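Hi,

Here's the structure I said I'd pass along. Have a look at it first, and my notes follow underneath.

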Amino acid sequence: MFTVYLLRSISHPDQRYIGITEDLDSRLDAHNRGQSPHTAKFKPWEIVVAVNLSDEARAREFEKYLKSGSGRAFANRHLW
């Protein structure tokens with residue numbers, strides 16, 4: 001199972017992050033311990049949305065879409 005997730009910084013609520021993982025709990029823990037250079041300076045993080053997909057290719061496509069212009073617009077309207 002692959003999870004596409006959207007995070008929001010608790011200390012800097014305007015900071016957001018979109019990622020993909022097979023283990024959401026350990027990935028969130030890694031973000032909150034500062035182990036990801038993209039999210040370290042805005043920790044701690046909270047999960048806003050998590051979408052589970054059984055197909056890795058579809059999960060990666062969905063993550064890529066959410067990071068595109070139209071995907072960001074969709075996420076702003078429906079997910080954040």
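**What I found**

Let's start with S36: leaving aside neighbours within four places in sequence, this serine is in contact with R27, A30 and H31. Before you read on, bear in mind that this is a predicted model. S36 sits in the loop that runs between helix 1 (24-32) and strand 3 (45-53). Is S36 buried or exposed? With a relative accessible area of 4%, S36 is buried, because anything under 20% counts as such. If you want a distance to check in your viewer, the C-alpha atoms of S36 and V48 are 18 Å apart, and the two residues are separated by twelve places along the chain.

Two of those S36 contacts, A30 and H31, bring us to the helix. The buried residues of helix 1 are L24, L28, A30 and H31. They span an arc of only 155° around the axis, so they lie on the same side of helix 1. The general rule behind that kind of pattern is that an α-helix has 3.6 residues a turn, so residues three or four places apart point the same way. What sits over the buried residues of helix 1? The cover includes strand 1, strand 2 and strand 3. Just after helix 1, have a look at G34 too, which takes a positive phi of about 80°.

Now for the strands. Three of them make an open sheet in the order 2-1-3, with antiparallel pairing. Strand 2 and strand 3 are the edge strands, each pairing on one side only. From one strand to the next, the twist averages 20°.

How many bridges join strand 1 to strand 3? There are eight, and the two strands run antiparallel. One pair to pick out is F2, whose bridge partner in strand 3 is L53. On the other pairing, six bridges join strand 1 to strand 2 (residues 16-21), again antiparallel, and T3 stands opposite T21 of strand 2. Strand 1 and strand 2 also form a hairpin, with six residues between them.

Why call strand 1 largely enclosed by the rest of the structure? Because seven of the eight residues of strand 1 (residues 2-9) are buried.

That's what I have so far. Shout if anything looks odd when you open the file.

Cheers

Technical notes
Residues are numbered from 1 along each chain as its sequence is written. This is a predicted model: local features need pLDDT of at least 70, side-chain atom pairs count only at pLDDT 80 or more; totals for chains, interfaces and linings use all residues. Side-chain values use heavy atoms; hydrogens and water are left out. Helices (H or I, at least four residues) and strands (E, at least two) are DSSP runs, numbered from the N terminus. Buried means under 20% relative accessible area, exposed over 50%, partly exposed in between (1.4 Å probe, protein chains only). Contact means heavy atoms within 4.5 Å. Two strands pair if DSSP finds at least two bridges between them. Axes are lines fitted to C-alpha atoms, for helices over the stretch in contact, and angles run from 0 to 180 degrees between N-to-C directions. The arc is that of the directions from the helix axis to the C-beta atoms.
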